[in-house]
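Grab a pencil and work through a few exercises on a protein model. Try each task on your own before you read the solution.

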2 protein chains.
Amino acid sequence: MTVKSRTGLEEYLQSRKKMVDEALERYLPREQSFPEVIFQAVRYSTLAGGKRIRPILCIAAAEAVGGNAEEVLPFACALELVHTYSLIHDDLPAMDNDDFRRGRPTSHKVFGEGMAILAGDALLTEAFYLMTKKERGERFKAEARLEVIHEIAKAAGFFGMIGGQVVDLQSQGKTVDHDTLYYIHTHKTGAMILASVRAGAILGGADTLCRDCLNEYGKNIGLAFQITDDILDIVGDKDLMGKTTGADENMHKVTYPSTMGIDKAKQQGITLVKDAIAALAPLDQRADPLRKIALYVIERQL
Amino acid sequence: MTVKSRTGLEEYLQSRKKMVDEALERYLPREQSFPEVIFQAVRYSTLAGGKRIRPILCIAAAEAVGGNAEEVLPFACALELVHTYSLIHDDLPAMDNDDFRRGRPTSHKVFGEGMAILAGDALLTEAFYLMTKKERGERFKAEARLEVIHEIAKAAGFFGMIGGQVVDLQSQGKTVDHDTLYYIHTHKTGAMILASVRAGAILGGADTLCRDCLNEYGKNIGLAFQITDDILDIVGDKDLMGKTTGADENMHKVTYPSTMGIDKAKQQGITLVKDAIAALAPLDQRADPLRKIALYVIERQL
């Protein structure tokens, strides 16, 4: 099966994003809860209008093997909470020291550094709270829920996102080689994208073959996504990205375009997307949203 | 049943602490793993020789209702990882700004602020990774494991430890009333102590009556523990505490002794310990370690 067009994708993304946004709004405690400031802080960052790529990938992977979008929501939203925590901590002065994110001042600029650290901690904790809440996941077998939680904890941990973040932090202001950059991208961003797809596969009840296909898709799409982000950060503009363009360059960060040139980086992104789509060959048309998302990832840069 | 002596407690604490220390050593990745610095940082803080009160309470609660200490270890150690993460973040310049902990320089003094934030993040994540690892908890039903993870996430989250930390941070340099102080203590420390006991009760297979007894014990012991800590922080010395004595006073923090005087605070601690022991009345001699730990908590201050 070949997918040449993104027809219908906008509609799919919109509808799934709406489900995720509404669920996040429902799951997060009200701003009136005590102590108010922490709920203001987590809602400020979480409901700031991200693209919800991770939860949508989780939902789309589940649907690709016959799962139900609504039922997957607690886990899909947990992925977004983990992502949001990582952004808040990543933006801190001791880390990337970013003042803007998604077009708004970052958490520590609004709530102070101490509260931003706690907001990140709270979101990470809440992700696991949400996934283990009895009424949220009773549709699934307890064993499957444990497996999904384990996948997410692994991807967010030492040998996943944290590892990537550590190497990224150590590389600031240094010239790093391509292998190091590859490590950072596949760990800092790639691991959680892959986990989103794998979580959806498990919850959707994928058999071994489908799991392998989705795993291959997730790996390719994760790296493609980060390469595209690198490119956008150079050719994009502030309005499109909602953060200061060229920030990575200013920090002397090494990116795919800076190690191999923009054209070669674009080419690599296209190859990864093709591989991602090819990996889905054994899956039927229920995997079309995943195929189209792959195209979307690469076309964002145009 | 009345327990008048702590006879045999040292031995119990030593043996269970040894099990916990050895398990933590086993569970945490080697320092040679890549990227090395994060493993150095988490091992530096986790293996720095804490008293392991939370894991021991978890084990003792499980044993009190017929559970097995070895089998409970992954969950007991997860509680210690969550505790250690909270200490690392609590010590940060944007929070309590402490230079010493357990007699050694704090994480951010050794590894830098960014790495200390990541070390805390990693430990919190690793706690959930550990509890969901298949081979670690296969003795227990998946439903029980999910319930324990949920208890711990809840106690560490918005309406538990994070909430207490938020109010504590907001109260720095201010005079707070007794209710606020009570909130901070029961949330910042009490919630995780209670969760340790509750986790042990679930894993040990406690029936509803025993769960209720252990819950009551956990609530009382949690507050007693924090009041004693407050007292020790004033009357203790640097060698005993391993951190700068009087630090809370220097920060103009309100403590139980500062709102009600040392003698009344001591009296309150004794009452809570008596209530904790009384709550265990329906349990047999397998709950003796819990009874003795209660006495230990209050006698630490002598």
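Below are six exercises on this predicted model, each with a worked solution.

**Exercise 1. How the two chains are related**

Task: Work out what rotation superposes chain A on chain B, and name the kind of axis that this gives.

Solution:
- Step 1: Look at the turn. Chain A lands on chain B after a rotation of 180°.
- Step 2: Check for sliding and fit. The shift along the axis is 0.0 Å, and the RMSD is 0.0 Å.
- Step 3: Name it. This relation is that of a two-fold axis.
- Step 4: Find the axis in the model. Within chain A, Ala142(A) has the C-alpha nearest the axis, at 2.7 Å.

**Exercise 2. Backbone oddities**

Task: Find the cis peptide bond in each chain that involves Phe34 and Pro35, then look at the phi angles of Arg52(A) and Asn97(B).

Solution:
- Step 1: Start with chain A. The bond between Phe34(A) and Pro35(A) is cis, with omega about -5°. You'll find Pro35(A) in the loop between α1 (9–27) and α2 (36–46) of chain A.
- Step 2: Now try chain B. Phe34(B) and Pro35(B) are joined by a cis bond, with omega near -5°. Pro35(B) sits in the loop between α1 (9–27) and α2 (36–46) of chain B.
- Step 3: Move on to phi. For Arg52(A) the angle is near 60°, which is positive even though the residue is not a glycine. Asn97(B) isn't a glycine either, and its phi is about 55°.
- Step 4: Place these two residues. Arg52(A) belongs to the loop between α2 and α3 (53–64) of chain A, while Asn97(B) belongs to the loop between α4 (69–90) and β1 (100–101) of chain B.
- Step 5: Sort them by accessibility. Arg52(A) has a relative accessible area of 2%, so it is buried. Asn97(B) has 45%, so it counts as partly exposed.

**Exercise 3. A salt bridge in chain A**

Task: Take Glu80(A) and Arg102(A) and work out what their salt bridge ties together.

Solution:
- Step 1: Recall the basic idea. Side chains of opposite charge can pair when their charged atoms come close.
- Step 2: Check the distance. The cut-off is 4 Å, and the closest N and O atoms of Glu80(A) and Arg102(A) are 3.7 Å apart.
- Step 3: Place the partners. Glu80(A) is in helix α4 (residues 69–91) of chain A and Arg102(A) is in the loop between β1 (100–101) and β2 (104–105), so the bridge ties together parts 22 residues apart in sequence.
- Step 4: Compare their surroundings. Glu80(A) is buried at 1% relative accessibility, whereas Arg102(A) is partly exposed at 23%.

**Exercise 4. Two salt bridges in chain B, and a network in chain A**

Task: Describe what the bridges Lys188(B)–Asp90(B) and Asp99(B)–Lys109(B) connect, then list the members of the network that includes Arg52(A).

Solution:
- Step 1: Lys188(B) and Asp90(B) pair up, with 3.3 Å between their closest N and O atoms. Lys188(B) is in helix α9 (residues 178–204) and Asp90(B) in helix α4 of chain B, so parts 98 residues apart in sequence are tied together. Both of these residues are buried.
- Step 2: Asp99(B) and Lys109(B) form a salt bridge too, at 3.9 Å from N to O. Asp99(B) is in the loop between α4 and β1 and Lys109(B) in helix α5 (residues 107–111) of chain B, so this pair links parts 10 residues apart in sequence. Asp99(B) is partly exposed, at 34%.
- Step 3: Back in chain A, salt bridges with shared partners join Lys17(A), Asp21(A), Arg52(A), Glu80(A) and Arg102(A) into one network.
- Step 4: For the full tally, the whole structure has 34 salt bridges over all chains.

**Exercise 5. A charged patch**

Task: Which residues gather in a patch of negative charge on the surface, and where is Asp207(A)?

Solution:
- Step 1: The members are Asp207(A), Asp212(A), Glu216(A) and Asp275(A).
- Step 2: Asp207(A) lies in the loop between α10 (178–204) and α11 (208–235) of chain A.
- Step 3: With a relative accessible area of 45%, Asp207(A) is partly exposed.

**Exercise 6. Sequence versus space**

Task: How far is Ile298(A) from Asp229(A), in sequence and in space?

Solution:
- Step 1: Ile298(A) is part of helix α16 (residues 288–299) of chain A, and it is buried at 10% relative accessibility.
- Step 2: Along the sequence, Ile298(A) and Asp229(A) are 69 residues apart, and their C-alpha atoms are 9.6 Å apart in space.

Terms used
Residues numbered from 1 in each chain as written. Chains lettered and ligands numbered in written order. Predicted model: local features only at pLDDT ≥ 70, side-chain atom pairs only at ≥ 80, totals over all residues. Heavy atoms only, no water. Patch = residues over 30% accessible without salt bridge, like charges linked within 9 Å, V, L, I, M, F, W, Y side chains within 5 Å. Areas by Shrake-Rupley, 256 points an atom, 1.4 Å probe, with all protein chains shown as cover. Salt bridge = Lys/Arg side-chain N within 4 Å of Asp/Glu carboxyl O. Lys, Arg positive; Asp, Glu negative; His and termini not counted. Charge placed at Lys NZ, Arg CZ, Asp CG, Glu CD. Helix = DSSP H or I, 4+ residues; strand = E, 2+ residues; numbered from the N terminus. Buried < 20%, exposed > 50% of the residue type's maximum accessible area, 1.4 Å probe, protein only. Least-squares fit on C-alpha atoms with pLDDT ≥ 70 in both.
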